[in-house]
Amino acid sequence: MKTLIKIFKILLLVIVLLLSGGLIYFKTKFPAVDKAKDIKVEITPERLERGRYLAHDLLGCIDCHSDRDWTKYSGPLIEGTEGKGGMIFNESMANIPGVIYAKNITPAGIGDWTDGELLRMITTGVNKDGQAQFPLMPFMSYSKLCEEDLYSVIAFIRSLKPIENKVPERSLNFPMNLIVSTIPMNAPEKFPMMPDKSDSIAYGKYLVNAAACMDCHSKLEKGQIEPGKEFAGGFRFCIPGGNCVTSANITPDNETGIGLLTKEAFLDKFRFYRQEAARNKSVGQGENQTVMPWIQFQALPDEDLAAMYDYLRTLQPVKNKIEKFTSR
């Protein structure tokens with residue numbers, strides 16, 4: 001009996017050592033991305049203007065990294081909180097396997113980051129300390145931006161008003177707390193060129209990717225978009241104080257998508273929120289809400305919205321009927 005107990009203890013010790021060794025190897029190998037580049041982004045008026053458009057209106061950086069007023073439709077930003085972080089994302093809101101908090105991206109939060117570390121974070125999802133971020137931030141889409149746009153975003157973030165706000169650390173469920181480290185990959189050695197605006201479809205594709213439209217307008221199964229269902233809608237969000245909303249099918253399907261929607265009608269959906277009253281529509285407890293950032297996207301120029309429409313019209317139509325608003 002004593003011999004069996006001794007053997008059991010030895011086997012247990014071997015298992016513990018193997019698991020510990022494997023965990024150490026895993027943590028040293030992943031995330032498997034290169035060190036941050038040694039770059040210095042020059043802050044110019046042109047970059048600040050372009051960066052504001054990108055970070056504030058198109059990419060959604062400020063949209064997620066600020067406080068939002070969910071008593072109003074589309075949750076407009078609360079003035080004075082731009083970039084402070086702290087917004088909570090969890091399983092009940094967006095099917096997150098755990099709890100994630102948007103980080104403070106004002107100079108009070110990232111002031112000791114180098115420009116290279118910011119670039120790596122935006123394009124690979126690996127932070128200053130080498131920790132992989134959950135792909136709630138669409139860094140895989142951002143890695144397809146041109147270098148000048150990425151530099152403009154960095155310049156704009158540097159210009160935000162510093163706000164002291166200590167954000168809690170995330171808590172991911174097992175095994176996602178391990179899997180998340182395997183997701184990041186290196187950004188391209190050379191970032192793509194910005195398409196010429198005269199090529200409306202190519203330019204629209206660039207903008208749709210930058211806005212990460214596919215991420216929200218596709219249903220996930222076990223963390224992956226079902227092949228052939230890209231842009232077909234189905235991602236369900238539940239809003240604090242409101243009901244749940246399911247993202248729309250934005251493929252050009254005539255019956256369930258935007259196939260019968262004219263370009264002018266498409267633009268009008270965004271233009272509507274350029275009205276002061278539309279941007280301040282109150283939403284009561286339990287009433288229909290949306291996470292669609294209409295308030296930010298209404299600021300996109302018609303030329304860009306039209307290009308996005310032109311690109312969406314080239315997608316494969318997918319028949320997928322969506323019930324937009326549902327109760328919890």
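Asp 67 forms a salt bridge with Lys 84 (a side-chain nitrogen of Lys or Arg within 4 Å of a carboxyl oxygen of Asp or Glu). The closest N and O atoms of this pair are 3.2 Å apart. The two residues are 17 apart in sequence, and both lie in the loop between helix 3 (61-64) and strand 1 (88-90). Helices (H or I, at least four residues) and strands (E, at least two) are DSSP runs, numbered from the N terminus. Asp 67 has 25% relative accessibility and counts as partly exposed. Lys 84, at 15%, counts as buried. Buried means under 20% relative accessible area, exposed means over 50%, and partly exposed lies in between (1.4 Å probe, protein chains only).

The model is predicted; local features need pLDDT of at least 70, side-chain atom pairs count only at pLDDT 80 or more, and totals for chains, interfaces and linings use all residues. Residues are numbered from 1 along each chain as its sequence is written, and side-chain values use heavy atoms, with hydrogens and water left out.

The structure holds 16 salt bridges. One of them joins Asp 149 and Arg 50, with the closest N and O atoms 2.8 Å apart. Asp 149 lies in helix 8 and Arg 50 in helix 2, so this salt bridge ties together parts that are 99 residues apart in sequence. Asp 149 is buried, at 3% relative accessibility.

Another salt bridge pairs Arg 271 with Asp 302. Here the closest N and O atoms are 2.9 Å apart. Arg 271 belongs to helix 12 (residues 263-271) and Asp 302 to helix 15. The pair links distant parts of the chain, 31 residues apart. Arg 271 is partly exposed, with a relative accessible area of 22%. Asp 302 is also partly exposed, at 26%. Both residues belong to one network, in which salt bridges with shared partners join Glu 264, Asp 268, Arg 271, Arg 274 and Asp 302.

Helix 10 spans residues 200-210. Its buried residues are Tyr 203, Gly 204, Tyr 206, Leu 207, Val 208, Asn 209 and Ala 210. These residues pack against several other helices (contact means heavy atoms within 4.5 Å). The partners are helix 2 (45-58), helix 7 (139-142), helix 8 (147-159), helix 11 (213-216) and helix 15 (302-312). Just after helix 10, Ala 212 takes a positive phi of about 55°.
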